[in-house]
Amino acid sequence: MSSLNFPFCTIALLALLFITLTFFKDNWHILMLERGLTNEISDLDSVSRRYSLFKELNERRKELLPYYAASLKKFGALSKIDTQYFLSLKSERLAKTQENIITSEEITDAVGCEQLRYVKNVDFLGAGYTKTVIKGVLPMGFPVALKSVNEKGSDMRRCLEDFNDWDGCRELVSYKLIKEIVLLQRLRHPNIIKLQGHCQLNTQAGGVTAALEQGSPLQMIQLLQSPWEERFRVCLGLVRLLHYLSQSPLGPVALLDFQPRQFVMVAGELKLTDLDDASVEEPACQTDADCTLHFPLRNFSIPCSSGGVCQGLNEKRNLYNAYRYFFTYLLPHQAPSILRPLIDQIMNSSGELKRDVSSTRKAFEEILRLYKSGLYLENLPSSLIRDYTALRGVRASGGVAYRCWPSYSQQACLLSVHNASEAALICSSHPHCTSFTLGGQVTWTGRPLASFRGGFSDLLPDVNSVMYIKKAKA
Ligand SMILES: Nc1ncnc2c1ncn2[C@@H]1O[C@H](COP(=O)(O)OP(=O)(O)O)[C@@H](O)[C@H]1O
Ligand SMILES: *[C@@H]1O[C@H](CO)[C@@H](O)[C@H](O)[C@H]1NC(C)=O
Ligand SMILES: *[C@@H]1O[C@H](CO)[C@@H](O)[C@H](O)[C@H]1NC(C)=O
Ligand SMILES: *[C@@H]1O[C@H](CO)[C@@H](O)[C@H](O)[C@H]1NC(C)=O
Ligand SMILES: [Mg+2]
């Protein structure tokens, strides 16, 4: 790579100089014609503003180059001609280049402008500083989330304050979305939202739309009230994601803006959706002090490597953020008691950054294994089940359904259990419970859902069900 740096920089500089000069020439010309020389001061001001915006646009373009270069490298050699072409492009032709960058990877996102033109049932999903997200349905009935530049967002507002140029600002902000599209094409994981396609309208500055798998915004409050198994799933998904990011095809990725609102839920699974603030490079350093992570309650430091990078800092930053935004709220409470020591270990080691992401992930997978195996049910009295009469092929209907916590249903007491013995134990501990049914339904771990009832008026045939009725005490 170092052998490439020199000519690369020279080309970049020359190109920049060329663009700058052309830009100045054109603009002076237009300005003179338009307004004459009467308002020199404000003209100068406006030119210097436009120049700054232009410089910033160029910065954003250059920021995308590493991804572009990385994928070219993957397909053979880094072509100098391509990079030169890329850097020397003038602003008007930029749209075309964006398309080039975005599709330089093999096309995995099939949805394009044509399909997006016929999107139906448009509805608001969410918005942030940079982007607006709407819900849509493609012609074939396929649901998508459509991301575009948030024209009322604070990125756009700040840019307009600085430069007062609508098209330029839209284009500037759209670079964040383009970066996100490029990253989504290269980073593929079950816990990263899937890119279904994108559209770049050449006729409109910054007219970029990304079509993503549709999720629902993460509701932390709702999640806090859900069963431990579901909260564990979110944390497990997160730690699997961080493991992938720590050794991604682009290198170790840090999520600089790591907050619950950058994630969505898709069928119970956590997925990262906001990638524009991701960094694919470990920070550079001169002294150890440069490799410090500052958090409100803790600071962490690692040594600066001889190569002048903070090796492993990206992974540490992600893990501590996972701890402070997710694990502390979701992981410990209501965990099965025998899993507690393991969970406390995870809480402690991630809160102190004592273990890396890979071994934290291993600890999570071990908890999952124990949980699925039912080993957490220490000494389940096997006699309990004998207090119940089993009826195969029926389920209860009508009568008294009572609610419990944390139920999978709001109207009834529906809990995840290991097997009928655990369900019997739960039923015995609920004063209202006189029967329970194991239907065919299972949770994401494959555990059956048991429905607990206070009584019933009818029995309905159901081949997938076994109903257990408490025997009358002698
Ligand atoms: N695929 C999606 N499905 C549903 N909602 C989404 C999706 N992607 C994003 N959102 C919602 O839109 C909001 C803004 O999206 P985001 O990419 O975070 O934009 P910004 O970069 O402006 O923060 C998110 O906080 C989230 O609630
Ligand atoms: C973290 O470092 C900053 C700057 O060095 C310092 O001001 C702050 O007190 C430290 N915080 C903690 C919790 O140690
Ligand atoms: C981890 O455990 C140590 C020793 O018990 C304790 O002092 C420390 O506060 C714990 N840290 C966290 C983040 O839980
Ligand atoms: C339920 O699982 C526990 C723990 O694995 C086991 O001891 C018990 O025999 C099982 N009960 C039934 C009815 O399968
Ligand atoms: Mg966001």
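A residue counts as near a molecule when one of its heavy atoms lies within 4 Å of it. In this predicted model, ligand 2 is surrounded, in that sense, by H294, L297 and N299. Two of these residues can be described further through their side chains. For N299, a side-chain N or O atom is 2.2 Å from an oxygen atom of ligand 2. For H294, the separation between a polar side-chain atom and an oxygen atom of ligand 2 is 3.5 Å. Taken on its own, ligand 2 has 360 Å² of accessible area, and the protein covers 30% of that area.

Turning from the ligand to the fold, an open sheet is built from five strands, which follow one another in the order β13-β17-β15-β16-β14 with antiparallel pairing. The edges are formed by β13, spanning 388-397, and β14, spanning 413-416, each of which pairs on one side only. On average, and with direction ignored, neighbouring strands of the sheet are turned by 35° against each other.

At the β14 edge, it is worth looking at the pairing in detail. Strand β14 is joined by four bridges to β16, which comprises residues 448-453, and the two strands run antiparallel. One residue pair can be named here: S416 has L449 of β16 as its bridge partner.

A helix accompanies this sheet. Helix α13, made up of residues 420-429, lies across β13, β14, β15 (435-442), β16 and β17 (458-470). Relative to β15, helix α13 runs at about 140°.

Note on methods. Residues are numbered from 1 along each chain as its sequence is written. Chains are lettered from A and ligands numbered from 1 in the order in which they are written. This is a predicted model: local features need pLDDT of at least 70, side-chain atom pairs count only at pLDDT 80 or more; totals for chains, interfaces and linings use all residues. Side-chain values use heavy atoms; hydrogens and water are left out. Two strands pair if DSSP finds at least two bridges between them. Axes are lines fitted to C-alpha atoms, for helices over the stretch in contact, and angles run from 0 to 180 degrees between N-to-C directions. Contact means heavy atoms within 4.5 Å. A polar contact is a pair of N or O atoms within 3.5 Å; within protein, one must be able to donate a hydrogen and the other to accept it, and residues adjacent in sequence count only if both atoms are side-chain atoms. Accessible areas come from the Shrake-Rupley method with a 1.4 Å probe; for residues, only the protein chains shown count as cover.
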